[in-house]
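Visitor: Hey, I've got a new structure open and I'm a bit lost. Can you walk me through it?

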Amino acid sequence: MTLALLTLHLRKHLKKILQRVTDFRSSGCVHAGSVLLHLSSPLPGPPPAAAPLSRAGLPRAQAPPRRRRCRPLGGPGPGGWRRLLTAWRPRETRSGGPRAGPCPPSATVRRTSARAGGLRRAGDDEYEWKGPFYFIQGADPQFGLIKSWAVGDTNNGDDEWKEEIKLTEQAVQAVNKLNPKPKFFVLCGDLIHGMPGSQWRKDQERDLKNVLKNTDQNIPLVFVSGNHDIGNAPTRETIDNYCESWGDDYFSFWVGGVFFLVLNSQLYFDSSKCPELKQAQDVWLNEQLAVAEKHKCKHIIVFQHIPLFLREPDEDHDYFNLEKSVRQEIMEKFHKAGIKAVFSGHYHRNAGGSYRGLEMVVTSAIGCQLGEDTHGLRVVVVTDEKIVHRYYSLDELSSQGMEKELLDMLAKQI
């Protein structure tokens with residue numbers, strides 16, 4: 001009888017531990033193949049600005065409670081601990097209290113056995129510059145667009161995405177083969193083609209996640225929301241649904257002394273159905289830039305889906321860039337904050353330009369191409385003085401890897 005009671009007690013205890021791991025908050029940043037334990041105490045680092053706001057733009061004490069956003073793809077099962085996949089969420093959680101500044105993602109985390117309870121995070125040294133590193137940027141896998149574009153029905157023709165699966169598998173394989181490993185792999189929006197509420201959306205999400213689960217366990221994944229992920233005119237509901245599937249729609253993180261900001265650019269394109277969410281992102285962004293200024297980071301880099309502009313800062317507004325007055329305000333803010341580069345997708349072609357030292361980098365698609373570029377990825381090398389990048393076709397990166405010039409930059413340690 002005593003043994004039976006003890007067994008029951010242990011089962012309940014283990015269930016609580018596993019639930020705590022799988023229902024983690026942003027302070028437990030998770031990436032493909034690695035689990036970081038939720039930390040109940042604030043992380044050391046630069047202090048945040050005044051009290052953070054909720055998604056509704058209210059002080060957190062006044063805001064209605066919200067669901068936790070981060071859901072792993074897998075959990076404990078007959079086959080052991082399945083691999084988890086989500087975005088880093090180093091800012092304050094939407095269902096929890098304020099955090100003590102942005103938490104650096106731990107690309108250096110060791111993968112240990114969840115069954116053995118050996119979950120831990122690396123030291124908080126990502127605020128410090130340790131030498132050159134690189135990351136991979138991709139954009140627009142957009143499962144379903146190739147077929148719908150070919151048949152001329154982009155609203156309802158996305159019932160097939162075999163080609164996108166093959167291309168994304170090739171991208172993952174190319175990234176996995178790289179040596180040394182990139183610090184992370186960021187996908188800049190339009191993960192799938194199906195708009196919120198469309199027929200094939202859930203199937204497209206499922207198949208994309210199944211491909212991305214094969215990313216090397218030591219290469220964290222970062223996701224950026226695109227217009228097809230949350231809608232051309234997003235609502236609170238569509239953003240909530242995105243966050244449940246992929247992680248927060250805006251957040252920040254540190255890697256090797258460099259401060260990264262992920263933004264929801266759709267809130268700048270059309271926030272008519274959720275103006276309070278745009279206001280909340282604006283307040284949060286100002287706080288984050290203040291944190292970066294106090295901490296004297298080496299560089300600040302932004303990821304968003306829609307480019308500020310394609311080639312010229314004063315070009316006319318269209319579907320592929322931001323409205324001119326909005327664009328100008330953001331460019332000035334970024335310039336004053338010392339942001340070095342903005343990386344985006346959306347255009348399905350390579351493009352870019354500069355504004356007062358701010359580089360706008362527009363990366364073509366992993367999936368459907370709308371111009372003369374090939375399916376590919378961008379390799380971005382971050383050095384002490386500059387940010388250097390090159391776009392590779394998937395075939396080229398798979399067969400040849402990075403060129404010697406970029407590898408030589410990485411070899412120059414401080």
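Visitor: How much area does the protein expose, and what share do carbon and sulfur atoms supply?
Guide: The protein exposes about 17,600 Å², and 51% of that comes from carbon and sulfur atoms. Keep in mind that this is a predicted model.

Visitor: And what percentage of the residues is buried?
Guide: Of the 414 residues in the protein, 57% are buried.

Visitor: How many helices and strands are there?
Guide: There are 11 helices and 13 strands.

Visitor: Let's look at a sheet. What's the strand order in the open one with six strands?
Guide: The order is E6-E7-E8-E9-E11-E10, and the pairing is mixed. At the edges sit E6 (251-255) and E10, each pairing on one side only. On average, neighbouring strands here are turned by 20° against each other, ignoring direction.

Visitor: Which way do E9 and E11 pair, parallel or antiparallel?
Guide: They're parallel, with four bridges. One pair of bridge partners is Ala-341 and Glu-359, the latter in E11.

Visitor: Which strands does H8 lie across?
Guide: H8 lies across E6, E7 (258-262) and E8, and runs at about 175° to E7. H9 lies across E8, E9, E10 and E11, at about 65° to E10.

Visitor: Stay on H9 for a sec. Why should it span 20 Å?
Guide: H9 covers residues 324-337, so it has 14 residues, and at 1.5 Å a residue the expected span is 20 Å, counting one less than the number of residues. Its end C-alpha atoms are 20 Å apart, which agrees.

Visitor: Which of its residues are buried?
Guide: Arg-327, Ile-330, Met-331, Glu-332 and Phe-334 are buried in H9. The buried residues of H9 pack against several elements, including helix H7 (266-269), helix H8 (275-295) and strand E8 (299-303).

Visitor: What comes just after H9?
Guide: Gly-338, which takes a positive phi of about 80°.

Visitor: New topic: what do E4, H4 and E5 make together?
Guide: They make a right-handed β-α-β unit, with H4 spanning residues 201-212. E4 (residues 185-188) and E5 run parallel and are joined by four bridges. Phe-185 stands opposite Leu-221 in E5.

Visitor: And which way do the residues of E5 point?
Guide: In E5 (residues 221-224), Leu-221 and Phe-223 point one way, while Val-222 and Val-224 point the other way. All of them are buried.

Notes: Residues are numbered from 1 along each chain as its sequence is written. This is a predicted model: local features need pLDDT of at least 70, side-chain atom pairs count only at pLDDT 80 or more; totals for chains, interfaces and linings use all residues. Side-chain values use heavy atoms; hydrogens and water are left out. Helices (H or I, at least four residues) and strands (E, at least two) are DSSP runs, numbered from the N terminus. Buried means under 20% relative accessible area, exposed over 50%, partly exposed in between (1.4 Å probe, protein chains only). Contact means heavy atoms within 4.5 Å. Two strands pair if DSSP finds at least two bridges between them. Axes are lines fitted to C-alpha atoms, for helices over the stretch in contact, and angles run from 0 to 180 degrees between N-to-C directions. A crossover is right-handed if, with the strands pointing away from the viewer, the path from the first strand over the helix to the second runs clockwise. Accessible areas come from the Shrake-Rupley method with a 1.4 Å probe; for residues, only the protein chains shown count as cover.
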